[in-house]
Amino acid sequence: MKKLPEDFLLGGATAAYQAEGATNTDGKGRVAWDSFLEENYWYTAEPASDFYHKYPVDLKLGEEYGIKGIRISIAWSRIFPKGHGEANQKGVDFYRNVFEECRKRDVEPFVTLHHFDTPEVLHSDGDFLNRKNVNYFVEYAKFCINEYKDLVKYWTTFNEIGPIGDGQYLNGKFPPGIKYDLEKVFQSHHNMMLAHAKVVAYFKDNNFPGEIGIVHALPTKYPYNPKNLEDVRAAELEDVIHNRFILDATYLGDYSEFTKKAVNHILSVQGGELDIRDEDIEILTYAKDMNDFLGINYYMSDWMRGYEGENSIVHNSRGEEGSSEYKLDGIGQREFDIDVERTDWDWMIYPQGLYDQIMRLTRDYPNYKKIYITENGLGYKDVFVDNTVYDDARIDYIHKHLLAIYDAIQDGANVKGYFLWSLMDVFSWSNGYEKRYGLFYVDFDTQERYPKKSATWYKKVSETKEI
């Protein structure tokens, strides 16, 4: 039996738009997803898991089942319905009530300021491609930090800058639904990292209590054939798009020569150029050693082959295994027919990839300080019987990833906690309600919660640290 460190935190993760529901309640402003879901998908975020009303139930369950921390995001448009201007007091009060309930239940809140839900007014005005919105985000962040500094010790600026740019401008599964625009992907990544750096600098320069960091999704990229130079190059280019570009901005304060050359190659093939200014690099450099922690979200790895031809990305939204496709001219294609288990949504289950990503961070960015695994979990078509779900596959998934984390810690990585996605079942951005991740099954018709088999297992791990 292996044992995690005694101070290793076991928690659960949520996100405002995926859990709260109440999308038009108490003055909340619209977000782009409200319209995008209605126009493009077969579900909406109403009522989701109704966390807006059910948060005392969920936090009580968390306390009962050994959850020591919870990732919660603040909905920007619940505080500022139009992204800036006068604060919505009912929204301000709601989050204060949530954080106070966290304290009552001894569940540490790790609070994210942006989890895919820019207010619609700003999103329709270019989202983070518009530098004016960078400043609006910074002002919103300052408001929240000052408002809740007595209740919140751990702050995250952004959740998954990478998938935001990818979803909005590469694969088109997020609003505004643009595809194959790598210029916008990189520019969005850069501008959001600039916003992050400005908030971190404000937090540290003003000596606020607690810690601040950022959460990156880091899917590990491997060459399909390590002896084939085209496959190796494809893996490197994919890594720059999804990982290295944002990690360089976070911890180097600039982009390495390797990264710059890769980006220039990608844009020479795909088209476009970036607006990266000297003053941007000054801010990124100023903040690069101020991050107290990095959150890593990890679900999958990808195997890459060289590819030249038409761009083609097909997103598997309904869990029809084998329906995914990913090909980018001059970059590479993802190979799905490999000897690795995958989910119905074609996500490769590969715990070794988490270990490799953690060790890569410690090697390439030694100023990282500490790591939390802020999301990891198995999306599954749960079968509800006898008022529970016998989700042995989820238990096996979590167990193997915790073992990978254990190995990384043994090899010198400073990993301090793990947050399972998700605490309770929530709706999935581009997959709806059939893809469930939670420790607690949610009947979306009645909003009743039922602990799954994994909840009992996870409680024991949290209490004993034994895996």
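In this tour, a helix is a DSSP run of H or I with at least four residues, a strand is a DSSP run of E with at least two, and both are numbered from the N terminus. The model is predicted.

**Stop 1: helices α3 and α5**

Select residues 51-64, helix α3, together with residues 89-104, helix α5. The axes of these helices come within 10 Å and cross at roughly 15°. Because angles under 35 degrees count as roughly parallel, α3 is described as roughly parallel to α5. The crossing of α3 with α5 is right-handed. Show the side chains next: α3 contributes Phe-51, Tyr-52, Tyr-55, Pro-56, Leu-59 and Glu-63 to the contact, while α5 contributes Phe-94, Asn-97, Val-98, Glu-101, Cys-102 and Lys-104. Eight residues in this contact of α3 with α5 are nonpolar, one is polar and three are charged. When viewing these positions, recall that an α-helix has 3.6 residues a turn, so residues three or four places apart point the same way.

**Stop 2: helices α5 and α7**

Keep α5 selected and add α7, residues 131-148. How far apart are the axes of α5 and α7, and at what angle do they cross? The axes come within 11 Å, and the crossing angle is roughly 50°. The two helices, α5 and α7, are therefore oblique to each other. Their crossing is right-handed. On the α5 side, select Gly-91, Val-92, Tyr-95, Arg-96 and Phe-99; on the α7 side, select Phe-143, Glu-147 and Tyr-148. This contact of α5 with α7 comprises five nonpolar, one polar and two charged residues.

**Stop 3: strands β3, β4 and β5**

Select strand β4, residues 154-159. Is β4 mostly covered or mostly uncovered? Strand β4 is mostly covered, with six of its six residues buried. Add strand β3, residues 108-114, which runs parallel to β4 and is joined to it by four bridges. Thr-112 has Thr-156 of β4 as its bridge partner. Then add strand β5, residues 211-217, which also pairs with β4 in the parallel sense, over four bridges. Here Asn-159 is partnered by Val-215 of β5.

Continue to Glu-160, in the loop between β4 and α8. The phi angle of Glu-160 is near 60°, a positive value in a residue other than glycine. Since buried means under 20% relative accessible area, Glu-160 counts as buried at 9% relative accessibility.

**Stop 4: helix α2**

Select helix α2, residues 32-40, and colour its buried residues: Ala-32, Trp-33, Asp-34, Ser-35, Phe-36 and Leu-37. Among the elements that cover them are α1 (16-19) and α6 (120-123).

**Stop 5: a loop, then helices α9 and α11**

Select Pro-175 and Pro-176, which are joined by a cis peptide bond with omega of about 15°. Pro-176 belongs to the loop between α8 (161-169) and α9. From this loop, extend the selection to α9, residues 182-205, and include α11, residues 257-270. The axes of α9 and α11 come within 9 Å and cross at roughly 145°. Leu-182, Glu-183 and Phe-186 of α9 meet Val-263, Ile-266, Leu-267 and Gln-270 of α11. By class, five residues of this contact of α9 with α11 are nonpolar, one is polar and one is charged.

**Stop 6: a sheet of five strands**

Which strands form the open sheet, and in what order? The order of this five-stranded sheet is β6-β8-β11-β10-β9, and the pairing is mixed. At the edges are β6 (220-223) and β9 (312-314), each of which pairs on one side only. On average, neighbouring strands are turned by 25° against each other, direction ignored. For a closer view, select β8 (residues 301-305) and β11 (residues 332-334), which run antiparallel and are joined by two bridges. Met-304 has Arg-334 of β11 as its bridge partner.

Helix α10, residues 229-251, packs on the sheet and touches β6, β8, β10 (325-328) and β11. The direction of α10 makes about 170° with that of β6. Add helix α13, residues 351-364, which lies across β6 and β8 and runs at about 105° to β6.

**Stop 7: two final positions**

Select Trp-421 and Ser-422, where a cis peptide bond has omega of about 5°. Ser-422 lies in the loop between β15 (415-421) and β16 (440-443).

End at Lys-465, in the segment after α15 (453-464). Although Lys-465 is not a glycine, its phi is positive, at about 65°. Is Lys-465 buried or exposed? At 8% relative accessibility, Lys-465 counts as buried.

Terms used: Residues numbered from 1 in each chain as written. Predicted model: local features only at pLDDT ≥ 70, side-chain atom pairs only at ≥ 80, totals over all residues. Heavy atoms only, no water. Axes fitted to C-alpha atoms, helices over the stretch in contact; angles between N-to-C directions. Parallel < 35°, antiparallel > 145°, perpendicular 65-115°, else oblique. Left-handed = near helix turned anticlockwise from the far one by under 90°. Contact = heavy atoms within 4.5 Å. Nonpolar A, V, L, I, M, F, W, Y, C, P; charged D, E, K, R; others polar. Buried < 20%, exposed > 50% of the residue type's maximum accessible area, 1.4 Å probe, protein only. Pairing = 2+ DSSP bridges.
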